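Student: I am new to this structure and would like to be guided through it. May we proceed by question and answer?

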Amino acid sequence: MRVPAPDPRAVREASLDELSRLGLPLPPPQFPLVWEPGDEIELRPTPEIEARIAVLHVILARCFGMPARAATGWLLESHLVDSVTPPEWQFVMGGRGDHRSFVLHHDALFSLAWVLGLAKELDPTVPVDERLVERMPNLVAGETFGQWRARILAAPQHPGDAAALLDLHYCLDWAYLETEKVGGALPGLVDANAIGQRRWALEWAVVLRGPYHDEPPGWEEVDLST
């Protein structure tokens, strides 16, 4: 569902108010907006987000001991191989790559779960909900991708709400990195790495349409440099 984007300046003001409430530094005045007036927004198709959640869940399972054969078998049987990026496939198949970076995807998974209504809130001060695993495919019990999709009955967020949360995490990402750089105190139990992962997922899931936006990036192409 493509809808007009909310007023980016009003959304930014709300984001800055939240940073102030949390006691975080504010980005400089020239800090760019995420979208422009007149742009449109939508979420990626629900099946695409479900596939990304399932892939990340399998990768995390591999991080914590799931055998490579079981992981690749589940992805093959679920017809999800095309949704796995080359670095992810190398990790699933042979454990190659930065193990720690894949573990951090736990927060990206949490963010995508929120997008599909599988998590109630995405509070920047609170770690991943421990009950999230109950909403993921039960790999141990052999739950298939199709059975999982039927069980969860995804209820995606409104694109405007997701875009507003993207803007907030864009600002939070800057503020958390600045706070950690100077050794300041963060407002909760979540660090800059986790905020960056949550932003990564929102940058991927929220599609911006307008004259200054390119086509939606692939998962590995999401740009978090600004």
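The following exchange treats the domains, a helix, several single residues and a pocket.

Student: How far apart do the C-alpha centres of domain 1 and domain 2 lie?

Tutor: The model is a predicted one. Its domain assignment gives domain 1 as 2-43 + 157-209 and domain 2 as 46-151. The contact takes 23 residues from domain 1 and 22 residues from domain 2. Between the C-alpha centres of domain 1 and domain 2, the separation is 24 Å.

Student: Which elements are included in what covers the buried residues of α7?

Tutor: The buried residues of α7 are Phe145, Trp148 and Ile152. Seen down the axis of α7, these residues fall within an arc of 60°, so they line one face of the helix. This agrees with a general rule: an α-helix has 3.6 residues a turn, so residues three or four places apart point the same way. The cover over the buried residues of α7 includes α2 (46-63) and α3.

Student: What phi does leucine 153 take just after α7?

Tutor: Leucine 153 is found in the loop between α7 (145-152) and α8 (159-181). With a relative accessible area of 65%, leucine 153 is over the 50% cut-off and therefore exposed. Although leucine 153 is a residue other than glycine, its phi is positive. Just after α7, that phi is about 50°.

Student: Is histidine 79 buried or exposed?

Tutor: Histidine 79 is placed in the loop between α3 (68-77) and α4 (86-94). Histidine 79 is not a glycine, yet has a positive phi of about 55°. Its relative accessible area is 71%, and the cut-off for this class is over 50%, so histidine 79 is exposed.

Student: Which residues does serine 15 touch, not counting residues up to four places away in sequence?

Tutor: Serine 15 lies in helix α1 (residues 8-21). Its relative accessible area is 3%, under the 20% cut-off, so serine 15 is buried. Not counting residues up to four places away in sequence, serine 15 touches Ala164, Asp167, Leu168 and Cys171.

Student: What separates the C-alpha atoms of glutamate 88 and isoleucine 59?

Tutor: Glutamate 88 has its place in helix α4 and, at 0% relative accessibility, counts as buried. Leaving aside neighbours within four places in sequence, the residues in contact with glutamate 88 include Arg52, Ile59, Phe102 and Trp219. Glutamate 88 and isoleucine 59 are 29 residues apart along the chain, and their C-alpha atoms are separated by 7.3 Å.

Student: How far apart in space are aspartate 98 and lysine 181?

Tutor: Aspartate 98 lies in the loop between α4 and α5 (99-103). At a relative accessible area of 47%, aspartate 98 is partly exposed. Aspartate 98 and lysine 181 are 83 residues apart in sequence; in space, C-alpha to C-alpha, they are apart by 23 Å.

Student: Which elements give two or more residues to the lining of the largest pocket?

Tutor: The largest pocket has a volume of about 570 Å³. Of the 23 residues that line this pocket, the closest to its centre are Val34, Glu203, Leu208, His213 and Asp223. Two or more residues of the lining are given by each of the elements α9 (192-205) and β3 (206-209).

Student: How many residues of the lining of the largest pocket are charged?

Tutor: The lining can be divided by class. It has 13 nonpolar and two polar residues. The number of charged residues in the lining is eight.

Key:
Residues numbered from 1 in each chain as written. Predicted model: local features only at pLDDT ≥ 70, side-chain atom pairs only at ≥ 80, totals over all residues. Heavy atoms only, no water. Helix = DSSP H or I, 4+ residues; strand = E, 2+ residues; numbered from the N terminus. Buried < 20%, exposed > 50% of the residue type's maximum accessible area, 1.4 Å probe, protein only. 1 Å grid on protein atoms, 1.4 Å probe; cavity = no way out; pocket = protein on both sides within 12 Å on 5 of 7 lines; lining within 4 Å. Points joined across faces, edges and corners; volume = space filled by probe spheres on them. Nonpolar A, V, L, I, M, F, W, Y, C, P; charged D, E, K, R; others polar. Arc of directions from axis to C-beta. Contact = heavy atoms within 4.5 Å. Domains from an automatic or database assignment.
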